Protein chains: 2
Amino acid sequence: MELKRAAEGEKGFEKVFAFLRERLLEGSLKPGDRLISERELATLLGVSRPIVREALRALTVLGIVEIRDRIGTVVTRPDVSVLNDFFTFALAQQADMLDDVMQARVAIECQAIRLACERANIADFERLQRTLAKIGETIDEADAGGMADFEFHRSIVVASHSETLTVLHSSMAGLLTHSHRSRRELVQAFPSMKTYLIDDHRRIFDAIIARDPERADATLRKHFAIGDEYRRRAVVGDIDKTSASR
Amino acid sequence: MELKRAAEGEKGFEKVFAFLRERLLEGSLKPGDRLISERELATLLGVSRPIVREALRALTVLGIVEIRDRIGTVVTRPDVSVLNDFFTFALAQQADMLDDVMQARVAIECQAIRLACERANIADFERLQRTLAKIGETIDEADAGGMADFEFHRSIVVASHSETLTVLHSSMAGLLTHSHRSRRELVQAFPSMKTYLIDDHRRIFDAIIARDPERADATLRKHFAIGDEYRRRAVVGDIDKTSASR
DNA sequence: GTCATCGTACTGGTCTGACCAAGATCAGAC
DNA sequence: GTCTGATCTTGGTCAGACCAGTACGATGAC
């Protein structure tokens, strides 16, 4: 019971969690390391196994640790999917947050495109070109078109070679694809949108190729603004039809 | 056992987690709602209580749910601190991620300042002015100065009135303050940095007051660039002394 | 001696049933 | 009608057990 000192004060779950957190933050537990077994951990800290499992599960959802069935628990390189989970939940409960998330997306992408201008390599260019072509090919398809649009934008972020930006961006993936799709449904309504979609993405691509951060940022920002404008117009149209309900 | 259908296929923890996630994402479980008791949940899903607790604990660390001792489990408004935890762990194990996070921070703030130019109200302006003044007052203090710097930047994000941006920004708070402090330690080394700090923040403030998004963005971006430059110079200085080790 | 096979110890995954402490609730005393 | 206390319920935790595979060493065949 003296050994408990390692994480005293708290009790049960907190004790185990604090114990592991300490080791993880301090560096004595590094990615790749295998933790001692649940049973050992339990006796070591003077708690029961279910409690240990709670703590391990908590670290698992945080992407810090991975529990491998019948193998053991190993420390992993912090995983992105955590943020994904969080945003999924957070946004599900605050639908009004969608516009807000869109702002965050713009923020991420505009920064990403600046970095992409500096850091993009041949592979990135090829990927961008490929996804850009896809946009043209699928311009008349709702789902595939939306997907292509999303892929192009994702390629931009990937080309930034910034893991954090990529993580944040993909965290919003669910919403983004949704947003893209709903926007795509407007393509039919606004024929002019086709040229907008193709030409605008082309311009964005060109700016990256030219490695011109300012122009790329400005072009991308304008791209989003025009998209908003289309959406706004569509909404206004809808409101006109159902204005009585307001 | 037919009711299990709701979350079939998975087993144990996954089953419970999926079950709850479904309800949460679908909206049948909203913030403020109280979940049924652990025991009921266990029998409902045909699993044992420890498993249910694992799932609840998982949701707890994700900030989705709050377990109140002897009261019950209630759904909460997603909390930012989760991201904080994640970043804390992530950065502890990947120090190289710091630069990357800095990029994300620039992304967030530059977008935030644009929004701030549109949305900032009197209270925001007052807050900005207050924190700006604080920067001047604490220019010679390392800790207080760093704090003031951070507060000013935070005020910008707050003035954007974007919850998502605020969340993202504050989730990096730990690192940001750290980054600010280490930068502050350079103040002594570069006397010219004092004027940079004061004047630059002043210019940023002016741009917001003028409600000029482009100028604000550009100024802020330049501000970060100059900060980087200072840091780079400091690092180069260090490297000069230890260049042999490279 | 080398290699393949076979056990066994160990790991995570889960369940059962139990006990505790303390809020919540309602019946009964005043 | 109000107050008090017994009881129910809830989360918090524990102990011990079983299963199903994995890892690894011992054993046996070659």
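Okay, let's start where the two protein chains meet: 41 residues of chain A are in contact with 40 residues of chain B. This is a predicted model, so please hear everything that follows as a description of that prediction.

Which elements build chain A's side of that contact? Those giving two or more residues are α1 (13-26), α3, α4 (81-92), α5 (97-119) and α8 of chain A. The most comes from α5(A), with 11 residues. If you sort chain A's side by class, you get 26 nonpolar residues, seven polar and eight charged.

Now, how do the two copies relate? Chain A can be laid on chain B by a turn of 179° and a shift of 0.3 Å along the axis, and the RMSD is 0.7 Å. That is the relation of a two-fold axis. The interface agrees on its own terms: 95% of the interface residues of chain A are interface residues in chain B too, so the copies meet through the same surface.

Let me zoom in on two helix pairs across that interface. For the first pair, take α3 from each chain. The axes of α3(A) and α3(B) come within 8 Å and cross at roughly 35°, and the crossing is right-handed. On the chain A helix, the residues involved are P50(A), R53(A), E54(A), R57(A), A58(A) and V61(A), and they meet P50(B), R53(B), E54(B), R57(B), A58(B) and V61(B) in α3(B). By class, that contact has six nonpolar and six charged residues, with no polar ones.

The other pair is helix α8 (residues 163-171) of chain A against helix α5 (residues 97-119) of chain B. Their axes come within 7 Å and cross at roughly 55°, so α8(A) and α5(B) are oblique to each other. From α8(A) you have E163(A), T164(A), L165(A) and L168(A), and from α5(B) you have M97(B), D100(B), V101(B), Q103(B), A104(B) and A107(B). That contact divides into six nonpolar, two polar and two charged residues.

There is also a helix pair inside chain A that I'd like you to look at. Helix α6 (residues 122-137) and helix α7 (residues 142-159) have axes that come within 8 Å and cross at roughly 165°. That makes α6(A) roughly antiparallel to α7(A), and the crossing is left-handed. Contact residues include L128(A), L132(A) and I135(A) on α6(A), and F152(A) and V158(A) on α7(A). By class it's seven nonpolar, two polar and five charged.

Right, on to the DNA. Which residues come nearest to strand C? Of the 21 around it, those are S37(A), E38(A), G12(B), V47(B) and S48(B). The elements giving two or more residues to that surface are α2 (38-45), α3 and β2 (72-75) of chain A, together with α3 of chain B.

For strand D, there are 21 residues around it, and G12(A), V47(A), S48(A), S37(B) and E38(B) come nearest. Here the elements with two or more residues are α3 (49-61) of chain A, plus α2 (38-45), α3 (49-61) and β2 (72-75) of chain B.

And the classes? The surface near strand C has seven nonpolar, five polar and nine charged residues. Near strand D, the count is seven nonpolar, five polar and nine charged.

One last pointer for when you open the model: α3 of chain A is among the elements at strand C, and α3(A) also meets α3(B). That's it from me.

Technical notes. Residues are numbered from 1 along each chain as its sequence is written. Chains are lettered from A and ligands numbered from 1 in the order in which they are written. This is a predicted model: local features need pLDDT of at least 70, side-chain atom pairs count only at pLDDT 80 or more; totals for chains, interfaces and linings use all residues. A residue is near a molecule or strand if its C-beta atom, placed from the backbone, lies within 6 Å of it. Helices (H or I, at least four residues) and strands (E, at least two) are DSSP runs, numbered from the N terminus. Ala, Val, Leu, Ile, Met, Phe, Trp, Tyr, Cys and Pro count as nonpolar, Asp, Glu, Lys and Arg as charged, and the others, Gly among them, as polar. Axes are lines fitted to C-alpha atoms, for helices over the stretch in contact, and angles run from 0 to 180 degrees between N-to-C directions. A crossing is left-handed if the near helix is turned anticlockwise from the far one by less than a right angle, and right-handed if clockwise. Two residues are in contact if their C-beta atoms, placed from the backbone, lie within 7 Å. Copies are superposed by least squares on the C-alpha atoms of residues with pLDDT of at least 70 in both. Angles under 35 degrees count as roughly parallel, over 145 as roughly antiparallel, 65 to 115 as roughly perpendicular and the rest as oblique.
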